[in-house]
Amino acid sequence: MLRKSKAAANKAAANARATTPANSVRNSITNIGNGGKSIENNASSPVIIAANRNGKTKKNAILLEIIKMSRRTINMAKNNRNGFLKLMPTVNNANSILEYHTYTWALLYDLISTIDSTKFTALQITPKTLKDIHKKLIVKNTYTTGRSTGGMGNRQERVFNFTDEEVVEFLFLIWLDGNHDKYINESFKDWLDDKNSNAVYFTNRHRELAKDFVNEFPDPRKYINNVPKFSKTNAKKERKEFITQALRNVKGYETIRKICIETKSVWFFIHNYNGDPERKNTKLQTSVKMGFGTFSSGTPSKTSLANNFETILKMGIEKILDIKQSDYIYTGTWEINKLKQGNMIHEVSLDQESGDKILSKTITNTPKFRPYITTAGLIDPGKHMLDSGAGSTDRLLLLNAMKTKNMNFLDNLQCHYHVGPVKFVIRNGGLNFLKVDLSIRKGGPPIKKEGSMPTLDFFQLKINETNQQSGEIIQGGIKKNATNPSSKMGKFMGDALQYMTVSVQNTYRKKPRFFASGDGSACFMNAYFCHKLNIPLRLIIDTGVGNIRSAGLQNN
């Protein structure tokens, strides 16, 4: 009877373990990549990886080997799903295991792709070494799929809603961001119908809402003959009062109205873009005729919208959106030393910073901060210009692991990684307004010719796919290459997806995640995005003058 009682107790305990959600202990799945339980993947070869036969660098040969290993994972999944499930009996779906391995190959591919090619010249590395690194990295990636419990976990598409007015304001902010990055040089009114720009991704209904707004909003050209002569001593205040009076009867669109009043520049480019980057006809510009412009030289000389609103936006979040901003945070020791420490780690996704690297240094030196790398951060070309945010120290540790074959180096990785799909949608009037689908190609990027480097990477991003062919956009765009809709939307999403990802994660993940940037347009849009969708705003701002401000950061 005693033996039967003990057996019954053991069986009950086993059943309890079997029904425990795998995500309640994250390592329940990812431990298959630890302690020798990783997929064999035919990667035990001791042969040293050499430059490929097309004469490409050893770095490229290593990247191609990673793609091959990722493909082997896919094929093994097809041929041996039962073997997958034996590795982790509590997992109901082999795809959970497959996804973790795929995402980690994508992370390793990206880390190596950002290391200078010269670092690999004398490197003696085998497929087995890559496999050993993969086994270590898989437990460093905090992405969880939720498949083990039959749910969707992080894979769930988060759904939000915008009002009609918010749709117009967000389109307006996208247009402003394009002007900030100088790949849009037209009025808001013209942009709404531009078939060669981001505007084509949005439905006719949503663009019509914005066009109705333009028709209702006062056109500054109607006031050109009624502008008083501003005094030399109080001109700044008088100009602000003039615009305030001109817009006093506007109903709704409070954010746009406040932006026009505070920036004293944006208003002149909504109906008619009168920018002149070549400075040939500045006297003909509406803003100059009305006595407005940039006054660093003492006379109105506005030649474009770019560089004339960004700082005001990021420093005016509290005034424009009624969101509390901190005072300047003391950073004399490169540490936010007024932060309430507690036990909670603050994960910080770094987008862009000024030349003194104040954000990188602060993230590194503040004890409760950790650099945070998401899939969105990996597809942004700006990562190459960052110190801590893009994991430069981690890349050195990775190099040491490859050189010495000592995987213990990877136990010291400084960044927290969250590499996996990102899906969410903002809807309005029953229609998708902004549908984001960032996925990771299983088996890696397609290779057109054996031995040749692919033109794509592991990541695939689609925006409102029903409106622009397949919806896929060009990732990692830079402004000089932003010449068509897919590249312009790619340029916009390079920054936007980073703060959107962090913001959406703050709706369901316990550890606070922060977006850190010196980009005025991105900081403001992050604040607007969170404010309108009732998401806690966690934002750290590089002011550009040697100080930091924040929203949502608890200070003593």
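In this predicted model, the side chains of K211 and D193 come together in a salt bridge, with 2.9 Å from N to O. K211 sits in helix α9, while D193 belongs to the loop between α8 (188-191) and α9, so the bridge ties together parts that are 18 residues apart in sequence. The two partners differ in their surroundings: K211 counts as buried at 18% relative accessibility, whereas D193 is partly exposed at 43%. The cut-off for buried is under 20% relative accessible area, which is why K211 falls on the buried side. This pair also belongs to a wider network of salt bridges, in which D193, R207, E208 and K211 are linked.

Helix α9 takes part in another kind of contact as well. F213 lies in this helix (residues 204-216) and Y253 in the loop between α10 (235-246) and α11 (254-263), so their pairing ties together parts that are 40 residues apart in sequence. The two rings form a tilted aromatic pair, 4.8 Å centre to centre with 55° between the planes. Both residues are buried, F213 with a relative accessible area of 1% and Y253 with 13%.

Returning to charged pairs, 17 salt bridges are counted in total. In general, side chains of opposite charge can pair when their charged atoms come close. One of these bridges joins K319 and E262, at 4.0 Å from N to O. It links distant parts of the chain, since K319 is in helix α14 (residues 317-321) and E262 in helix α11, 57 residues apart. Here K319 is exposed, with a relative accessible area of 51%, but E262 counts as buried at 16%.

A further bridge connects two strands. The side chains of R513 and E347 meet at 3.0 Å, N to O. R513 lies in strand β8 (residues 513-517) and E347 in strand β2 (residues 346-352), so this pair ties together parts that are 166 residues apart in sequence. Both ends of the bridge are buried: the relative accessibility is 2% for R513 and 1% for E347.

Aromatic residues offer a second way to read the model. The whole structure holds 23 aromatic pairs. Ring pairs link a cluster made of F162, F170, F202, F424, F433, Y499, F515, Y528 and F529. A charged residue also meets a ring elsewhere: R158 lies over the face of Y508, 3.9 Å from the ring centre.

F170 leads from the rings to the nonpolar interior. In soluble globular proteins, nonpolar side chains tend to be buried together. The largest nonpolar core has 127 residues, and F170, W175, F188 and M493 touch the most other members. Leaving aside residues up to four places away in sequence, F170 touches F162, F433, L434, Y499, M500, M525, Y528 and F529. A second, separate core of 14 residues includes I329, I336, V348 and F369.

These details fit into an overall picture of the chain. The protein chain contains 19 helices and ten strands, and buried residues make up 56% of its 556 residues. Among contacts with a separation of 6 or more, 71% are between residues 24 or more positions apart. The accessible surface of the chain comes to about 24500 Å², and carbon and sulfur atoms account for 48% of that area.

Technical notes: Residues are numbered from 1 along each chain as its sequence is written. This is a predicted model: local features need pLDDT of at least 70, side-chain atom pairs count only at pLDDT 80 or more; totals for chains, interfaces and linings use all residues. Side-chain values use heavy atoms; hydrogens and water are left out. Helices (H or I, at least four residues) and strands (E, at least two) are DSSP runs, numbered from the N terminus. Buried means under 20% relative accessible area, exposed over 50%, partly exposed in between (1.4 Å probe, protein chains only). Contact means heavy atoms within 4.5 Å. Accessible areas come from the Shrake-Rupley method with a 1.4 Å probe; for residues, only the protein chains shown count as cover. Rings of Phe, Tyr and Trp (its six-membered ring) pair if their centres lie within 6.5 Å; planes under 30 degrees apart count as stacked, over 60 as edge-to-face and the rest as tilted. A charge sits over a ring if NZ of Lys or CZ of Arg is within 6 Å of the ring centre and within 35 degrees of the ring normal. A nonpolar core is a set of buried Ala, Val, Leu, Ile, Met, Phe, Trp, Tyr and Cys residues joined through side-chain atoms within 4.5 Å.
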